[in-house]
Amino acid sequence: MAVFVLMLKDYENEQKVVYSYGPNEETVGKIEYDKKNGVINQISAIVSDSYTDDFFFKRAGRRLARIIIKENGNFVEGTTIES
């Protein structure tokens, strides 16, 4: 069974990029990449009785790391991850 993780870019500037992530647009957490320090941080977790944040946060973090490394920091507006 495939699970999809939605990632939508909230904003980007010279210092950081922030994405909303989750199973859908209504149930999201926030993840950020600090460009200056090279660190991925969770800003807020998914709050839901139906979905666990840990599952979605780990996948969003992996996708963000792949964007940083393999796509040379070309932060796309939105993406869906199939896991």
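Select Glu32 first: in this predicted model, Glu32 is buried, with a relative accessible area of 13%. Display its side chain together with that of Lys16, since the two form a salt bridge whose closest N and O atoms are 3.7 Å apart. Lys16 lies in strand β2 and Glu32 in strand β3, so this pair ties together parts that are 16 residues apart in sequence. Lys16, at 27% relative accessibility, counts as partly exposed.

**The strands around Glu32**

Next, select the whole of β3, residues 29–34. Of its 6 residues, 5 are buried, so β3 is largely enclosed by the rest of the structure. Add β2, residues 16–22. The two strands run antiparallel and are joined by 6 bridges; they form a hairpin with 6 residues between them. To check the register, label Tyr21, which stands opposite Gly29 in β3.

Then add β4, residues 39–44, which pairs with β3 in the antiparallel sense over 5 bridges. Here the residue to label is Ile31, which stands opposite Gln42 in β4. β3 and β4 also form a hairpin, with 4 residues between them. Within that turn, select Gly38, which has a positive phi of about 65°.

Move on to Val39, whose place is in strand β4. At 35% relative accessibility, Val39 counts as partly exposed. Leaving aside neighbours within four places in sequence, the contacts of Val39 are with Glu32, Tyr33 and Asp34. For a sense of scale, draw a distance from the C-alpha atom of Val39 to that of Gly78: the separation is 20 Å, for residues 39 apart along the chain.

**The nonpolar core**

Which residues have the most contacts inside the largest nonpolar core? Select Tyr19, Tyr21, Ile31, Leu64 and Phe75, which hold that place in a core of 13 residues. The elements that give two or more residues to this core are β1 (4–12), β2, β3 and α1 (53–70). The largest share, 4 residues, comes from α1. In soluble globular proteins, nonpolar side chains tend to be buried together.

Centre the view on Leu64 and show its surroundings. Apart from neighbours within four places in sequence, Leu64 is in contact with Tyr19, Ile31, Glu32, Tyr33, Ile40 and Phe75. Glu32, where the tour began, is thus among the contacts of Leu64.

**Salt bridges**

Finally, turn to the charged side chains; the structure holds 6 salt bridges. Select Glu77 and Lys9, whose side chains meet in a salt bridge at 3.3 Å, N to O. This pair links distant parts of the chain: Glu77 is in the loop between α1 and β5 (78–82), Lys9 is in strand β1, and the two are 68 residues apart. Is each partner buried or exposed? Glu77 counts as exposed, at 56% relative accessibility, whereas Lys9 counts as buried, at 16%.

For a bridge within one helix, select Asp54 and Lys58, whose closest N and O atoms are 3.3 Å apart. Both lie in α1, 4 residues apart, about one turn of the helix. Asp54 is partly exposed at 45% relative accessibility, and Lys58 is partly exposed at 42%. To finish, select Lys9, Glu12, Lys35 and Glu77 as a group: salt bridges that share partners join these residues into one network.

Notes:
Residues are numbered from 1 along each chain as its sequence is written. This is a predicted model: local features need pLDDT of at least 70, side-chain atom pairs count only at pLDDT 80 or more; totals for chains, interfaces and linings use all residues. Side-chain values use heavy atoms; hydrogens and water are left out. A nonpolar core is a set of buried Ala, Val, Leu, Ile, Met, Phe, Trp, Tyr and Cys residues joined through side-chain atoms within 4.5 Å. Buried means under 20% relative accessible area, exposed over 50%, partly exposed in between (1.4 Å probe, protein chains only). Contact means heavy atoms within 4.5 Å. Two strands pair if DSSP finds at least two bridges between them. A salt bridge is a side-chain nitrogen of Lys or Arg within 4 Å of a carboxyl oxygen of Asp or Glu.
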